[in-house]
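Open the model in your viewer and keep the selection tool at hand. The tour goes from one selection to the next.

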Amino acid sequence: MAKVELKGITKVYEGNVTAVDKADIVIEDKEFVVFVGPSGCGKSTTLRMIAGLEDITGGDLFIDGDKVNDIPPKDRNIAMVFQNYALYPHMSVYENMAFGLRIRKTDKAEIDRRVKEAARILDIEKLLERRPKQLSGGQRQRVAVGRAIVRNPKVFLFDEPLSNLDAKLRVQMRAEIIELHHRLNATMIYVTHDQVEAMTMGDKIVVMKDGKIQQIGSPLYLYNNPVNKFVAGFIGSPPMNFLTVKVVEEGGKLLIDEGSFKIQPAQAHVSYLKPYVGKEVSFGIRPEDLPCTEDGTGGIPAKVTVVEPLGAEIHLYASTPTQSMIAKVPPHHLFKIGDSVRFLPVLEKAKYFDRETDEAIIPADRVEKAK
Amino acid sequence: MKKSRSTGGFRVGAALAVLLKWIVLAFFLAVAVLPLLWLVLNSFKTNLEIQSSPFSLPEKPGFINYVNAMAMADLPRLFLNSVIVAVGTVFLNLLASSMAGFVLAREAWKGRETVRTVLEAGVLVPILAFMVPYFTLVTRLGLYDKLFTLVLVYAAINVPVSIFLVTSFMRAIPKEMEEAAIIDGCSFVQRFTKVVLPLSRSGLVTAGTFCFIYAWNEFLMAMLLTSSISARTIQLGIRFFTSQFITDYAGMFAAIVLSILPSVLAYVFLHNKIIAGLTAGAVKG
């Protein structure tokens, strides 16, 4: 297996459109890395450059220490699973899986052994004689993964492989790919726009936006230490709440003032917020850090606008006179639309972002330091 | 009450519309099929019957006209020539248009659209306009009166249509299919032969069928570019039934029926693929 290194990788399309801008990523051997971001952020382009399906405009790409910028895809020893499976419809499942090995003139007995072994791992032994059109979406995806496994590549690349599956199958396949990673102990790079997939599957997540890498780190690191408002809002479901507040000083105390409420930030955050006295900042708080009460004083007073009971929890949409937010509350709370509630935010977990730059006021590492 | 009257009116209108539709369809069917039926019926009559009662059924139906036609006009030889020309044309045309279609549909290069437009614009040029240039070219190259010449000319004349059909079909193949082949280690040629070509089968069958029907039925170029029986096709053989003073209609009709059989059979057996080829890319696959 292999280490993949991207050093200042850039992709500029005709018409001077920059799809990927100086991407620096180190993917360690046997690591499962997820590129995540909204449509058009450059994640698939980055993956395709690693695969060799797109030319690299600038920067260097290394696989296992070898520079591979000009090496054709077939000689990079990578395998790729595509979003629409890309199985050859005129071949059986067996032939689809064996195709890459046949092209490489691998011994027939060896091909047979590898195809059957991969089929056993993926539980598709009974489907080997079928054509792709005779398979369900999940089965096709397994065959596409099988086609990658038989090649025994240095790096597995997955380009949104689960987006064409229904929600239930997606969860099942997600677990199967994680299990496969543990089983094969292979370097895997996975592209998705679904932050839940990114959080649940990746050892490391690369968050991208507009062709630029926003932050790289483990799922929990990114969740707890977002480097900017974009990462904070993108990672986590439901997303983090952002309220525009003003930092004020009253009676020697630093407060954040929303207009309808004033609260005192956590002691650990005060020194970071001092330079912002008199200025507006974005106050970020995750839905699960907004416990609520129906009476009392302090906290954030709000009115319930939508109640979403999910069984295990309730998603409560509420708003102050000017701003809205969402909270995750336990299922025993019985709220109705229009009820007055009071949120008591866990201020130690709150985030603050500069209103002009959207950068986190309490600094976080753009690339998480290795433990 | 009002409601039921309006429903009744609607029903009558709908029934009339259906009736009108069937009348129009029946008219076009008659226009298309009756001449063919007339031809087949008359191929079983004697010359006297054809001239005295052209629209009656044959009095004593038999295959004597077919036997005579085969013997008189060296039809088997001409039939074989037509087979050689039609099959050769299809092979050569598909070889050229599939390769051209591949680079036009799947490869990105400067000027691709211009080249494609120029090639496909060939459809708009009337074949008559090619007669003098082809005759000059063929005689100068010493290719006059050769079967291979007909193959070459027919294949070339059909290139624009075939490229149009094959390119449309190849364009509809998902890009990822070819990218998967690249990752699997396919070279440029292998991508064409092992992935794109097999997946374009319907398009190729459509183009091939059109090409076959054209080559089989072509008369003008065969007349122009050949002179001996060894290089002539069955369509020219039909002329042998007409002399200065007399025409053997019965034999000619039998020969025509024999000559159109392969085209009809080609369409009957391949029409599903032809329709698939013609509608390639029309709907999301």
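Select A:L6 and look across to the neighbouring strand: A:L61 in β4(A) stands opposite A:L6. This is a predicted model.

Now widen the selection to the two whole strands, β1 (residues 4-13) and β4 (residues 58-63) of chain A. Five bridges join β1 and β4 of chain A, and the pairing is antiparallel.

Next, add the other strands of the sheet. In what order do the four strands of this open sheet in chain A run? The order is β2-β1-β4-β5, with antiparallel pairing. Select β2 (17-27) and β5 (66-67) of chain A to see the edges. Each of these two has a single partner strand, so one side of each is left without a neighbour in the sheet.

Then select helix α1 (residues 43-51) of chain A. Which strands does helix α1 of chain A lie across? Helix α1 lies across β1, β2 and β4 of chain A, and it runs at about 115° to β1(A).

Move on to where the two chains touch. Here 17 residues of chain A are in contact with 14 residues of chain B. To find part of chain A's side, select β6 (78-81) and α2 (93-103) of chain A, each of which supplies at least two residues to it. Coloured by residue type, the side of chain A that touches chain B divides into 12 nonpolar, three polar and two charged residues.

Finish with chain B. Select residues 2-42 for domain 1 and 64-278 for domain 2, as the domain assignment gives them. The C-alpha centres of domain 1 and domain 2 of chain B lie 36 Å apart.

Terms used:
Residues numbered from 1 in each chain as written. Chains lettered and ligands numbered in written order. Predicted model: local features only at pLDDT ≥ 70, side-chain atom pairs only at ≥ 80, totals over all residues. Domains from an automatic or database assignment. Contact = placed C-beta atoms within 7 Å. Nonpolar A, V, L, I, M, F, W, Y, C, P; charged D, E, K, R; others polar. Pairing = 2+ DSSP bridges. Axes fitted to C-alpha atoms, helices over the stretch in contact; angles between N-to-C directions.
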